[in-house]
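User: I'd like to get better at reading ring pairs and ligand sites in a model. Can we walk through one together?

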Amino acid sequence: MNIAVFASHGGSDLQAIIDGCRNDLIGAQVAAVISNNGDSMALQRGRNAGIPSYHLSTKKCGSEEQLAEELLAVLKEHDIDMIFLAGYMRMLHISVLEQYSGRIFNIHPALLPRYGGRGMYGMNVHNAVIAAGEKESGVTIHRVDAEYDSGEIVAQTTVPVMEDDTPESLAARVLEREHSFLVEVIGSIARGEIRLG
Ligand code: GRF
């Protein structure tokens, strides 16, 4: 199974997927890395791993439509079976969503359907969880559709919120869990336990 990972910033989730694949824990390979951010650590991580890594953005390509065309060309060139959004801060164009329907997944650092939707990303999520006094947060992996964080949930795991947690300490605990959970869940997808398409 060929995976394309899309990431905008640090790419620690991307790294966990690359390492999981290379250590034979997943049964798939990261065949392409795509970022809308040319300076991202994610792009650097892809290049360091010797994976074809692309900086593709609306600014660079000229329009949303042209970006979608270039994305589709890269996905085709690398025979991509599945797209994983690991901290990708852009909505995908409808043509990409349609062509890879049911084959695009996103990871979200909370227990959807709560703490998701427009504006719920990065520290905003953990700030909201702490402010609400939740005893539990977690990680959600879901299919991607044309809305934010609304596609079918395929896997979830919980992470405790401690009494003295700050949004930062909670974010670190959730991110650490993401790294192992990604390996488990993408492995399930590669084994066909979670269906593509
Ligand atoms: C993760 O918290 C993930 O849940 C969210 O974006 C973050 C990516 O972190 N979608 P990193 O860039 O992989 O370190």
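Analyst: We'll take the aromatic rings and then the ligand site, keeping in mind that this is a predicted model.

User: How is a pair of aromatic rings described?

Analyst: You describe such a pair by how far apart the ring centres are and the angle between the planes. There's one aromatic pair here: Phe6 with Tyr88, at 5.1 Å centre to centre and 90° between the planes. Planes over 60 degrees apart count as edge-to-face, so this pair is edge-to-face.

User: Where in the chain do Phe6 and Tyr88 sit?

Analyst: Phe6 belongs to strand β1 (residues 2–6), while Tyr88 is in the loop between β4 (82–85) and α5 (94–99). They're 82 residues apart, so the pair links distant parts of the chain.

User: Are Phe6 and Tyr88 buried or exposed?

Analyst: The cut-off for buried is under 20% relative accessible area. Phe6 comes in at 0% and Tyr88 at 9%, so both count as buried.

User: On to the ligand. Which polar atoms lie close to its oxygen atoms?

Analyst: For polar contacts, look for N or O pairs within 3.5 Å. A polar backbone atom of Gly11 is 2.8 Å from a ligand oxygen, and a backbone N or O atom of Asp13 is 2.7 Å from one. Ser12 uses its side chain, with an N or O atom 2.6 Å from a ligand oxygen.

User: How much of the ligand does the protein cover?

Analyst: On its own the ligand has 370 Å² of accessible area, and the protein covers 79% of that. The ligand sits in the largest pocket. Elements giving two or more residues to the shell around the ligand are α1 (12–22), β5 (104–108) and α7 (167–190). Residues around the ligand include Ile107, His108, Leu175 and Glu178.

Key:
Residues numbered from 1 in each chain as written. Predicted model: local features only at pLDDT ≥ 70, side-chain atom pairs only at ≥ 80, totals over all residues. Heavy atoms only, no water. Phe/Tyr/Trp six-rings, centres within 6.5 Å; stacked < 30°, edge-to-face > 60°. Helix = DSSP H or I, 4+ residues; strand = E, 2+ residues; numbered from the N terminus. Buried < 20%, exposed > 50% of the residue type's maximum accessible area, 1.4 Å probe, protein only. Near = heavy atom within 4 Å. Polar contact = N/O pair within 3.5 Å; in protein donor to acceptor, adjacent residues only side chain to side chain. Areas by Shrake-Rupley, 256 points an atom, 1.4 Å probe, with all protein chains shown as cover. 1 Å grid on protein atoms, 1.4 Å probe; cavity = no way out; pocket = protein on both sides within 12 Å on 5 of 7 lines; lining within 4 Å. Sits in = over half its atoms within 2 Å of the grid points.
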